[in-house]
Amino acid sequence: MLQAGSMMIALLALLFAPVLPAAAQPLASPKGDPILEVTGQVGVTNAGKAAVFDREALEALGLEKVTTATPWHNGTVTFEGVRLSRLMELVGARGKSVRAVALNDYATTIPMEDFTRFPVILAMKRDGQYMPVRDKGPLFIIYPYDSDPDLKAQMYYARSVWQVKRLEIQD
């Protein structure tokens, strides 16, 4: 009878054991030159209190395409990049907003809910080519502007930071 009781306790322990989310997995350190740093309220890091990514690490997360017209280009453009909701999940982001900072220190704050409400990407490519710094690269926050009339507004255009170097997760 003692064995049956021990087995029952072990079974209950397994059933009610906490399951670690995907974001709890460790991040590898970048092998190449870092192009993005995610700081602030993150639960998963690989460089002190930050999650740092090179191009290869971002691409390994899977690239999605967004084809849309923008105020900065003629006609429609196809961008490829990492879905920001995926990146936030990976780093265990716990804030309510993201402060996106560009190479020239321009910054804007984006509500975290934008990343679940819309398929916003951190674009690395435009029309199949990596974006150089002189042409809004290496990273550009892109909303699918043509997918929803609400997105064709100055508020969302202002959140579309180019030359992104850092994302700071905030309350």
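**Exercise 1.** Which helix gives the largest share of the lining of the second largest pocket?

*Solution.* Keep in mind that you're looking at a predicted model. Start with the pocket itself: its volume is about 180 Å³. Next, look at who lines it: Pro71, Trp72, Ala102, Asn104, Tyr106, Gln154, Tyr157, Ala158, Ser160, Val161, Trp162 and Gln163. Now bring in helix H5, which spans residues 154–159. H5 supplies three lining residues, the largest share. Finally, sort the lining by class: eight residues are nonpolar, four are polar, and none is charged.

**Exercise 2.** Describe the largest pocket and find the residues nearest its centre.

*Solution.* First, the space: this pocket holds about 220 Å³. Then the wall: 14 residues line it, and Ala28, Asp54, Glu56, Ala57 and Ala60 sit nearest the centre. Strand S2 and helix H2 (55–60) each bring at least two lining residues. Last, the classes: nine of the lining residues are nonpolar, two are polar and three are charged.

**Exercise 3.** Work out which residues of the largest nonpolar core touch the most other members, then follow Val38 outward.

*Solution.* The core has 43 residues, and the ones touching the most other members are Leu36, Val38, Phe53, Leu87, Ile141 and Leu167. Several elements each put in at least two core residues, among them strand S1 (34–40), strand S2 (51–54), helix H3 (84–90) and strand S10 (164–170). Now pick Val38 and skip its neighbours within four places in sequence: what remains in contact with Val38 is Ala50, Ala51, Phe53, Leu87, Val91, Leu167 and Ile169.

Conventions
Residues numbered from 1 in each chain as written. Predicted model: local features only at pLDDT ≥ 70, side-chain atom pairs only at ≥ 80, totals over all residues. Heavy atoms only, no water. Core = buried A, V, L, I, M, F, W, Y, C linked by side-chain atoms within 4.5 Å. Buried < 20%, exposed > 50% of the residue type's maximum accessible area, 1.4 Å probe, protein only. Helix = DSSP H or I, 4+ residues; strand = E, 2+ residues; numbered from the N terminus. Contact = heavy atoms within 4.5 Å. 1 Å grid on protein atoms, 1.4 Å probe; cavity = no way out; pocket = protein on both sides within 12 Å on 5 of 7 lines; lining within 4 Å. Points joined across faces, edges and corners; volume = space filled by probe spheres on them. Nonpolar A, V, L, I, M, F, W, Y, C, P; charged D, E, K, R; others polar.
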